[in-house]
Amino acid sequence: MNTFRAVSPNETLFNPKPDHDLFNDNLANYVLRLGDSPLVLAQRLCEWCGHAPELEIDLALSNIGLDLLGQARNFLSYAATLYETNHGTNVDEDKLAFGREEREFCNLLLVEQPNGGFNDTLARQFFIDAYHILLYQALGQSQDSQLVAISNKSLKEANYHLRFSRGWMIRLGDGTEQSHEKMQNAVNQLWRFTGELFHCDEVEQHLAEAGIATNPRTLYEPWQQIVKETFAQATLDIPQEIPYRQGGKQGQHTEHLGYILAEMQFLQRTYPDCNW
């Protein structure tokens, strides 16, 4: 029987008990965040299957989605182990993916934004790819050996993802007048979500001080450098708007996540614990 249940807006399924160590709970929640973003983005990218503008792009987006799904599985499996160790909760990667409510997801708001046109998907992918490269490089120096192993494997895939998205940003940004305009519009629309990538809350601060997590603020300048260099070649302008949307890591999402989960979780919700 499915052990998950609906929760109120002020309650979380994984509330730490008073006798549990705060550090352990922070680590479990941090790893869950690391898994949720690639999970949701993988779902978004796989929506392109059979609908991309070219067969090569269709295959590339599907492959990137599968890479992200593999990363999500690694992080969620580790998070499940931590939750079970800390709380005795009977949970695994599948229940974390398909059994949680919307407010229990900790993904970045950027990854849940609609695919839109290929320009929108590409801008979203470029922003997160540049972030993932820096994040996994930093986590490769973590004091947590499991995070190091997952991050080192993920980094190899992230390098390919960035080559793909960066190449197309330049190609379309510096292409025709129409392609340039579409890319600039996509950048302008998604820019407000990029600030959350570098927002550091108490969970990340605590783990960063312990040498386990990376403080996302330290990734901002190198990320900006990647963006500036790419935009210069793509003849795109960095928006003047200050990014202001955040809250996804704390379970406060846009209206889009509910629709993603309704489709992603349908089978498991309809037939709990079903097996092939």
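**Cysteines, core and helix packing**

C49 is partly exposed, with a relative accessible area of 49%, in a model that is predicted. The closest cysteine sulfur to that of C49 belongs to C46 and lies 7.1 Å away, which is too far for a bond. C200, by contrast, is buried, with a relative accessible area of 8%, and its sulfur is 15 Å from the closest cysteine sulfur, that of C106, so here too the separation is too far for a bond. Across the whole structure the number of disulfides is 0, where a pair would need its sulfur atoms within 2.5 Å.

From the cysteines we turn to the interior. The largest nonpolar core comprises 81 residues, and those with the most contacts inside it are Y30, F127, Y131, L147 and W223. Leaving aside its neighbours within four places in sequence, W223 touches F127, A130, Y131 and L134, as well as W191, T194, L197 and F198.

Helix 4 covers residues 118-139, and because 20 of its 22 residues are buried, this helix is largely enclosed by the rest of the structure. Its length can be checked as well: at 1.5 Å a residue the helix should span 32 Å, and its end C-alpha atoms are 31 Å apart, which agrees.

A helix pair completes the picture. Helix 5 (residues 145-173) and helix 8 (residues 220-234) have axes that come within 7 Å and cross at roughly 35°. On the helix 5 side the contact is made by R166, M169, I170 and G173, which meet E229, T230, F231, Q233 and A234 of helix 8. The residues of this contact divide into 4 nonpolar, 3 polar and 2 charged.

Methods. Residues are numbered from 1 along each chain as its sequence is written. This is a predicted model: local features need pLDDT of at least 70, side-chain atom pairs count only at pLDDT 80 or more; totals for chains, interfaces and linings use all residues. Side-chain values use heavy atoms; hydrogens and water are left out. Helices (H or I, at least four residues) and strands (E, at least two) are DSSP runs, numbered from the N terminus. The expected span of a helix is 1.5 Å times one less than its number of residues. Buried means under 20% relative accessible area, exposed over 50%, partly exposed in between (1.4 Å probe, protein chains only). A nonpolar core is a set of buried Ala, Val, Leu, Ile, Met, Phe, Trp, Tyr and Cys residues joined through side-chain atoms within 4.5 Å. Contact means heavy atoms within 4.5 Å. Axes are lines fitted to C-alpha atoms, for helices over the stretch in contact, and angles run from 0 to 180 degrees between N-to-C directions. Ala, Val, Leu, Ile, Met, Phe, Trp, Tyr, Cys and Pro count as nonpolar, Asp, Glu, Lys and Arg as charged, and the others, Gly among them, as polar.
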